[in-house]
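Grab a pencil and work through these exercises with the structure open beside you. Try each task before you read its solution.

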Amino acid sequence: MKIGMIGEGAIGQYVTEKLGSQGLGPHVMLVRRTRGEAPGDEPVLRVTKVSDLPDDIDLMVDCAGHAALVEHGAAILRRGIDLVSVSVGALSDPELERDLAAAARAGGGQLHLASGAIGALDCLQAARVGGLTDVTYTGRKPPEGWLGSPAEDRIDLTNLRSAEMHFDGTARQAARDYPKNANVAAAVAIAGMGFDLTKVRLIADPDVTANIHEIQASGSFGSFTFRIEGKPLPENPRSSALAAMSVIAAIERRHAAIIT
């Protein structure tokens, strides 16, 4: 399997290193501009357009954020190349979701959404079959984890002395207002009740050191609560280590003989 990459940030670097250690590439980088060689001084083909991707690329991996999925996603799928993406929140835009689905049907490619920093999505998907009545996602991070987001305008992150909620709304609103922070909320929405019926609460808490994600769901199956305390990547306190790991897990499932 030949793999291409989009994104050279903290998550992209982690995925690139792990792929390299497993002998899986990447074999090509889709970038904004070429500069000869990829990180690590290993010669890797670098292209700026989807049309320039080699014909033998089987899978593209998007670790570059919402804008990259908007710019390149449909073109990749129309070429019949499967795409793994961490940019789940971008699908809060109904038009983009329709365009990606149409491109996948036309070209035969498939979009795989990496589970990101949250687990229990398989349980949520199963519960959806019988009918869900309520799904609430709560995201809690230390104040520095919300820097660069609308939370800066809503609460005083620098002088915060106790936990404070800075967002209470739907998953669609969260994904649009917090594109760099709410991919988890989007993943929960897609697995469960959808963007408009999934409730989201975002909290800055000076007493925590981890990024804490919690799902509460109820329906005909009963109810469950799932909580995970995730560490950020050392290179970027706003990027989840588990989100990066979920990309590798998604790639491994692509060529596994038995899929769990």
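## Warm-up: an unusual proline

Pro26 sits in the loop that runs between helix H1 (10-21) and strand E2 (28-30). Keep in mind throughout that you're looking at a predicted model.

**Exercise 1.** Work out which form, cis or trans, the peptide bond from Gly25 to Pro26 takes.

*Solution.*
- Step 1: look up the omega angle, which is near 5 degrees for the bond from Gly25 to Pro26.
- Step 2: name the form; this bond is cis.
- Step 3: set that against the general rule, that most peptide bonds are trans.

## One helix, two sides

**Exercise 2.** Find which residues of helix H4 (residues 121-130) are buried, and work out how they are arranged around the axis of H4.

*Solution.*
- Step 1: pick out the residues with under 20% relative accessible area, the cut-off for buried. In H4 these include Leu121, Leu124 and Ala127.
- Step 2: look down the axis of H4, where the buried residues fall within an arc of 115 degrees, so they line one face of the helix.
- Step 3: recall the general pattern. An α-helix has 3.6 residues a turn, so residues three or four places apart point the same way.
- Step 4: turn to the other side of H4, where you'll find Asp122, Val129 and Gly130 exposed.
- Step 5: ask what the buried residues of H4 pack against. Their partners are strand E7 (132-141), helix H7 (183-191), strand E10 (211-219) and strand E11 (222-230).

**Exercise 3.** Check the phi angles of Ala120 and of Gly131, the residue that follows H4.

*Solution.*
- Step 1: take Ala120, which lies in the loop between E6 and H4. Its phi is near 70 degrees, a positive value in a residue other than glycine.
- Step 2: compare with the general rule: most residues other than glycine have a negative phi.
- Step 3: check the burial of Ala120; at 16% relative accessibility, this residue counts as buried.
- Step 4: move on to Gly131, where phi is also positive, near 115 degrees.

## The listed binding site

**Exercise 4.** An unreviewed UniProt entry lists Ala117 and Asn183 under "binding site". Work out whether the two residues are gathered or scattered in space.

*Solution.*
- Step 1: place them. Ala117 is in the loop between strand E6 (111-113) and H4, while Asn183 belongs to helix H7.
- Step 2: go back to the UniProt pair, Ala117 and Asn183. They span 67 residues in sequence, yet no two of their C-alpha atoms are more than 8.4 Å apart, so they gather at one spot.
- Step 3: look at the largest pocket, whose lining takes in both Ala117 and Asn183.
- Step 4: compare accessibility. Ala117 counts as buried at 7%, and Asn183 counts as partly exposed at 23%.

**Exercise 5.** Find which residues surround Asn183, leaving aside its neighbours within four places in sequence.

*Solution.*
- Step 1: list the contacts of Asn183: His66, Val86, Ser87, Val88 and Gly89.
- Step 2: zoom in on Val86, whose backbone oxygen lies 3.1 Å from a polar atom of the Asn183 side chain.
- Step 3: follow His66, a residue of helix H2 (residues 66-78). At 17% relative accessibility, His66 counts as buried.
- Step 4: check His66 from its own side; its contacts include Ser87, Gly89 and Asn183.

## An aromatic cluster

**Exercise 6.** The structure holds three aromatic pairs. Classify the pair of Trp146 and Tyr178, then the pair of Phe167 and Tyr178.

*Solution.*
- Step 1: recall that planes over 60 degrees apart count as edge-to-face.
- Step 2: for Trp146 and Tyr178, the ring centres are 6.0 Å apart and the planes are at 80 degrees, so this pair is edge-to-face.
- Step 3: for Phe167 and Tyr178, you get 5.7 Å centre to centre and 75 degrees between the planes, which is edge-to-face too.
- Step 4: put it together: Trp146, Phe167 and Tyr178 form one aromatic cluster.
- Step 5: check burial. Trp146 and Tyr178 are both buried, and Phe167 is buried as well.
- Step 6: add His166 of strand E8. A polar contact of 2.8 Å joins its side chain to that of Tyr178, and the contacts of His166 also include Trp146.

Technical notes:
Residues numbered from 1 in each chain as written. Heavy atoms only, no water. Buried < 20%, exposed > 50% of the residue type's maximum accessible area, 1.4 Å probe, protein only. Helix = DSSP H or I, 4+ residues; strand = E, 2+ residues; numbered from the N terminus. Arc of directions from axis to C-beta. Contact = heavy atoms within 4.5 Å. UniProt positions renumbered as here; feature names shortened; annotations may be inferred. 1 Å grid on protein atoms, 1.4 Å probe; cavity = no way out; pocket = protein on both sides within 12 Å on 5 of 7 lines; lining within 4 Å. Polar contact = N/O pair within 3.5 Å; in protein donor to acceptor, adjacent residues only side chain to side chain. Phe/Tyr/Trp six-rings, centres within 6.5 Å; stacked < 30°, edge-to-face > 60°.
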